[in-house]
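User: I have a structure to study. Please take me through its packing, one question at a time.

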Amino acid sequence: MGHNHSHRKESLDLNGEVNFDHFQILRAIGKGSFGKVCIVQKRDTKKMFAMKYMNKMMCIKKDAVRNVLREQEILQQLEHPFLVNLWFTFQDEEDMFMVVDLLLGGDLRYHIQQGVKFDAERIKLYMCEIALALDYLQMECIIHRDIKPDNILLDEEGHVHITDFNIATILKDGTLATSMSGTKPYMAPEIFQTDQDEHRGYDFAVDWWSMGVCVYEMLRGKRPYDIHSTSSVNDIQHIHSTTTVHYPSSWNASLVSVLKHLLVLDPHKRTTNLNRFSQHSFVSDVDWDAVMEMKSKPSFVPPKDHLNCDPTFELEEMIIEAKPLHKKKKRLAKQGSRSREVDDELQSRLTDLSQEFVVYNRDKANMLKQNALKESNGHAEEGEEKGDLKMMQETNHNT
């Protein structure tokens with residue numbers, strides 16, 4: 001056994017493109033929209049990551065290819081302390097892989113369901129961190145469109161990070177989004193109005209509405225509007241126009257005030273950017289630099305004695321999953337010896353997907369940036385030296 005283990009290490013090409021073999025699969029921790037998520041360790045650096053893998057055939061059948069490729073394209077452009085950042089993408093004949101930051105504190109949905117108490121100070125830090133992330137996304141012209149407790153993860157220290165850019169979109173040059181996208185209970189009124197041709201479209205303001213719904217749900221254990229995934233657009237619009245949101249008298253008054261500014265039906269009157277948000281009395285004492293640098297200590301630190309997620313994910317992967325990840329290598333080797341029965345059209349789409357897929361390596365991208373910066377600084381210094389020399393020559397000439 002020891003001999004085989006050592007042979008596997010030697011045969012691993014750590015200088016080549018990052019692939020499935022570069023990671024040790026540890027355990028399953030969740031499900032994404034079109035795939036599953038597991039904890040992995042990179043064999044050379046021993047760094048831990050979360051790895052999301054999506055079956056190509058399933059993505060094609062569910063017409064999800066465009067979403068997966070767009071999510072990867074968007075994440076390759078982004079890097080922020082309060083986002084779940086992308087590190088690597090690669091593929092094999094079965095799956096597409098995304099390797100991202102590992103956050104072991106669980107998502108806010110899990111903590112809400114655990115009946116955890118969310119006090120005003122805890123909420124304040126969450127809101128500031130989410131607001132900084134939304135401000136960054138807005139500068140990058142990106143609407144997330146699915147801000148909800150399930151997509152807000154905690155790290156081990158208790159800071160929040162936004163994940164799942166599966167239905168995010170890019171808005172440039174003052175354009176508006178028009179598609180009916182999101183999770184209904186968290187979607188802003190103007191998205192439904194756009195769907196009914198009562199609005200020309202919507203923009204970044206929708207993510208701030210969603211943050212307001214999330215905060216209300218953390219505080220009360222239920223959402224401000226009784227909207228469900230099965231609610232019709234007409235019913236939702238009726239609920240929005242007739243419901244008066246209830247704010248318990250025991251809640252912090254300045255927190256209620258900021259919530260009322262987020263849950264405004266008219267996006268033009270809503271708090272929709274960091275500048276306006278930072279002017280609310282609720283966050284008047286916030287040191288924004290300290291928040292950005294993660295120096296503000298969260299009042300809640302997730303427990304470290306267990307995984308903060310549903311334990312059934314791992315059982316499903318080990319027992320129910322027809323193609324478990326830990327048996328992939330053996331399965332693909334067997335598959336190679338016999339051709340898969342796939343019709344021509346599906347095979348053509350699989351081929352197209354493989355060609356469209358973009359391999360990404362943040363380590364390499366960061367190295368290229370650093371080298372470019374060094375080169376740029378080198379040219380600048382060289383230019384300064386030439387300028388100094390020219391000045392000396394001119395001075396001597398004049399003398």
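User: Leaving aside neighbours within four places in sequence, which residues is M127 in contact with?

Analyst: This is a predicted model: local features need pLDDT of at least 70, side-chain atom pairs count only at pLDDT 80 or more, and totals for chains, interfaces and linings use all residues. Residues are numbered from 1 along each chain as its sequence is written, and side-chain values use heavy atoms, with hydrogens and water left out. Contact means heavy atoms within 4.5 Å. By that rule, the partners of M127 are M211, V215, L255, V258, L262, F277 and F282.

User: How many residues does the largest nonpolar core have?

Analyst: A nonpolar core is a set of buried Ala, Val, Leu, Ile, Met, Phe, Trp, Tyr and Cys residues joined through side-chain atoms within 4.5 Å. Buried means under 20% relative accessible area, exposed over 50%, partly exposed in between (1.4 Å probe, protein chains only). L78, M127, F165, M218 and F277 have the most contacts inside the largest core, and its size is 96 residues.

User: Which helix gives the largest share of this core?

Analyst: Helices are DSSP runs (H or I, at least four residues) and strands likewise (E, at least two), numbered from the N terminus. The largest share is twelve residues, and their source is helix α5 (residues 120-139).

User: Which residues of α14 are exposed?

Analyst: Start with the buried ones: L346, L350 and L353. They cover an arc of only 60° around the axis (taken from the directions from the helix axis to the C-beta atoms), so they sit on the same side of α14. On the other side, the exposed residues are D344, E345, Q355 and E356.
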